[in-house]
Number of protein chains: 2
Amino acid sequence: MNFSVEPIATIHALRQHPEDDFWSGEEARIVLADGIPAESLQGLAEFSHVEVLYLFHQVAQAKIVSGARHPRNNPNWPKIGIFAQRGKNRPNRIGSTICRLLRCEERCLIVAELDAIDGTPVLDLKPVMAEFLPRETVRQPQWSHELMRDYWRRRS
Amino acid sequence: MNFSVEPIATIHALRQHPEDDFWSGEEARIVLADGIPAESLQGLAEFSHVEVLYLFHQVAQAKIVSGARHPRNNPNWPKIGIFAQRGKNRPNRIGSTICRLLRCEERCLIVAELDAIDGTPVLDLKPVMAEFLPRETVRQPQWSHELMRDYWRRRS
């Protein structure tokens, strides 16, 4: 059974091509699609963070992995199922990032550290509430810390 | 422009109908769809939490709000844009919840506190990495704390 989804906004960003690291310092604009009223953003400015669900629209169907692979194709890390990593070549091609909300304009959000490229279609925006974050200590494997080492660093 | 998405799994849960509160103590099984190999879950058990993206499949098109409304239709709370709340009657009907991963079986995850009803189609599963959680203090309005008061409580 298939479902149809339609972008509610588009991301305007400096990066034109996917890159793995150095997302710190990036600012992006999320501009509402024509059919979506400005009132949909009402009250969002009272939240410090917004969760952005978007589509990795440049990933070709043939690149999608539904089994296991080395994260970033790095053989030093174990072979891991696609649902145990956050890479883009995944079934349904959906990305999810919590980013800092810098300000709201009429039909537009300005956010910091959204790891998506220019032209990315947005499927949903949700306010971040502390109650929906993990309520217990987060445990994760060592390879995932290594993978994230330079992710939020500033390019030097 | 429309995109097509296809469930990668289905949620098996006790609750048959949407309810607002008292999700503590709920356990659910997430069972992979036929076309998805078991290897897609490999390594996920090393993470304590999993982010589940799912579809509010019972929400009728006519119920979807794309502007502003009172959360839970409660007039005591301000009128808020649909993208400043997490309710289900939203464009694209996508839900996103971080839940505790209790254990993995071959083609199945058992999770705690997934706020979705029986039969819900799952669009994606992602491991929770501390690096993708907010890296600054989360700020949110008072109405959202009030709304969440009984959400993770146990029904008495």
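1. Start with the strand pairing across the two chains: S1(A) and strand S1 of chain B (residues 3-5) run antiparallel and are joined by three bridges. In register terms, A:Phe3 sits opposite B:Val5 in S1(B). Keep in mind that this is a predicted model.

2. Now the symmetry. A turn of 180° with a shift of 0.0 Å along the axis lays chain A on chain B, and the RMSD is 0.0 Å. The two copies are therefore related as by a two-fold rotation axis. Both copies use the same surface, too: 100% of the contact residues of chain A recur in chain B.

3. Where should you look for the axis? Go to A:Ser4, which comes closest to the rotation axis among the residues of chain A, with its C-alpha at 2.3 Å. That residue falls within strand S1 (3-5) of chain A.

4. On to the contact as a whole, which takes 63 residues from chain A and 63 residues from chain B. On the chain A side, the elements giving two or more residues are strands S1 (3-5), S4 (49-55), S6 (80-81), S7 (94-105) and S9 (121-127). Which of these gives the most to the side that touches chain B? That would be S9(A), with five residues.

5. Last, the make-up of that side. The chain A residues on the side touching chain B split into 35 nonpolar, 15 polar and 13 charged.

Conventions
Residues are numbered from 1 along each chain as its sequence is written. Chains are lettered from A and ligands numbered from 1 in the order in which they are written. This is a predicted model: local features need pLDDT of at least 70, side-chain atom pairs count only at pLDDT 80 or more; totals for chains, interfaces and linings use all residues. Copies are superposed by least squares on the C-alpha atoms of residues with pLDDT of at least 70 in both. Two residues are in contact if their C-beta atoms, placed from the backbone, lie within 7 Å. Helices (H or I, at least four residues) and strands (E, at least two) are DSSP runs, numbered from the N terminus. Ala, Val, Leu, Ile, Met, Phe, Trp, Tyr, Cys and Pro count as nonpolar, Asp, Glu, Lys and Arg as charged, and the others, Gly among them, as polar. Two strands pair if DSSP finds at least two bridges between them.
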